[in-house]
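Q: I am new to this structure and would like to go through it with you. Could we start with a single residue and work outward?

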Amino acid sequence: MQRTYIVRLLFMKKKLMHFILKITFYILIVTSVVTCKAQPKTTDAVYTYKVGDRNGIGKWFLGREIAHVMGYQAMDWLDRDSREAEENTSRLIKNMDLESEDIVADIGAGSGYHVLKMAPKVKQVYAVDIQDEMLNAIQVKLDNEHLTNVQLIHSIEESTKLPVNSVDKVLMVDVYHEFKFPLEMLASIKKALKPGGEVYLIEYRGEDPKVPIKEVHKMTEQQAKKEMRLAGFKLKKNIDNLPWQHCMIFGIDI
């Protein structure tokens, strides 16, 4: 009698353990599925991390180290009197072939140097920057010049915050190489472009050792093409008429 009771007890215990294991297994499966669904999509796999240039952030994208962002404290350098002679910014604006009905975005607008040159020529300009101090400085200049066709946008590291299908041309002057999340930013730009829209990527020539800029703040055409291609863009033309910079025009690769 006692032996039968013990056997039954062991059998019940075995069944109970089996039930607990089964429930635990189901809980783990459900938790895993929910977690996967809750995880945001990430492109972090395309980035690597290692110590590099002291002016870089130690984060690399397709073999290029991302540079530190130039802070608003250096705003005066953007507005320096020698900039026109050094970079021929007037020719850059001509390269963009701006039309009166164009809607243009200046990504990383900084002090608004190029914004004020473009605004009188187009329908609207989006001045996009991640630093409040830069945007505030642009607003002061807009008020002084009585320009009303410029909209300020405070971007974040992963997005321009531009409206979808809103711009004909995007200008990035010596700023793309500082994007902490370049692939995400390019995806945001791609969404903002109208059909047939173009990206004007202006970067100091990494192929030219005579360009007096730190190496991490330069880019080669080959590197730019590689990164833009991954984001779905193709190089249409590289206008070689600026003293120090590439003037690369990209379109969406259909």
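A: Certainly; note that this is a predicted model. A suitable starting point is H114, which, leaving aside its neighbours within four places in sequence, is in contact with R83, T89, L92, I93, D106, L171 and V173.

Q: Where does H114 sit, in terms of elements?
A: H114 belongs to helix α5, which covers residues 113-118.

Q: Is H114 buried or exposed?
A: H114 counts as buried because its relative accessibility is 4%, and the cut-off for buried is under 20%.

Q: And P195, buried or exposed?
A: P195 has a relative accessibility of 76%, so it counts as exposed. P195 is part of strand β8, residues 193-205.

Q: How far is P195 from G251?
A: Their C-alpha atoms are 9.4 Å apart in space, while 56 residues separate P195 and G251 in sequence.

Q: Turning to helix α7, how many of its residues are buried?
A: Helix α7, residues 182-192, is mostly covered, with eight of its 11 residues buried.

Q: Which ones are they in α7?
A: The buried residues of α7 are P182, L183, E184, M185, L186, S188, I189 and A192.

Q: New topic: what volume does the largest pocket have?
A: The largest pocket holds about 770 Å³ of space. Its lining has 38 residues, and V69, M70, D174, V175 and E178 lie nearest the centre.

Q: Which elements give two or more residues to that lining?
A: For the largest pocket, they are α2 (75-78), α3 (83-87), β4 (103-107), α5 and β5 (124-129). Helix α5 is also the place of H114.

Q: What is the lining of the largest pocket like by class?
A: It has 20 nonpolar, nine polar and nine charged residues.

Q: What about the second largest pocket, and what is its volume?
A: The second largest pocket has about 180 Å³. Among its lining residues are D53, W60, R64, E215 and K218. Strands β3 (64-67) and β9 (218-219) each give two or more residues to this lining.

Q: How do the residues of that second lining divide by class?
A: The lining of the second largest pocket has three nonpolar, four polar and five charged residues.

Q: Last point: what is the average pLDDT of the chain?
A: The protein chain averages 89, and 83% of the residues score at least 70.

Q: Where does pLDDT stay under 50?
A: It does so over residues 24-42, and the model has zero contacts beyond four places in sequence for them. Where pLDDT is low, the predicted coordinates should not be read in detail.

Notes:
Residues numbered from 1 in each chain as written. Predicted model: local features only at pLDDT ≥ 70, side-chain atom pairs only at ≥ 80, totals over all residues. Heavy atoms only, no water. Helix = DSSP H or I, 4+ residues; strand = E, 2+ residues; numbered from the N terminus. Buried < 20%, exposed > 50% of the residue type's maximum accessible area, 1.4 Å probe, protein only. Contact = heavy atoms within 4.5 Å. pLDDT = per-residue confidence, 0-100. 1 Å grid on protein atoms, 1.4 Å probe; cavity = no way out; pocket = protein on both sides within 12 Å on 5 of 7 lines; lining within 4 Å. Points joined across faces, edges and corners; volume = space filled by probe spheres on them. Nonpolar A, V, L, I, M, F, W, Y, C, P; charged D, E, K, R; others polar.
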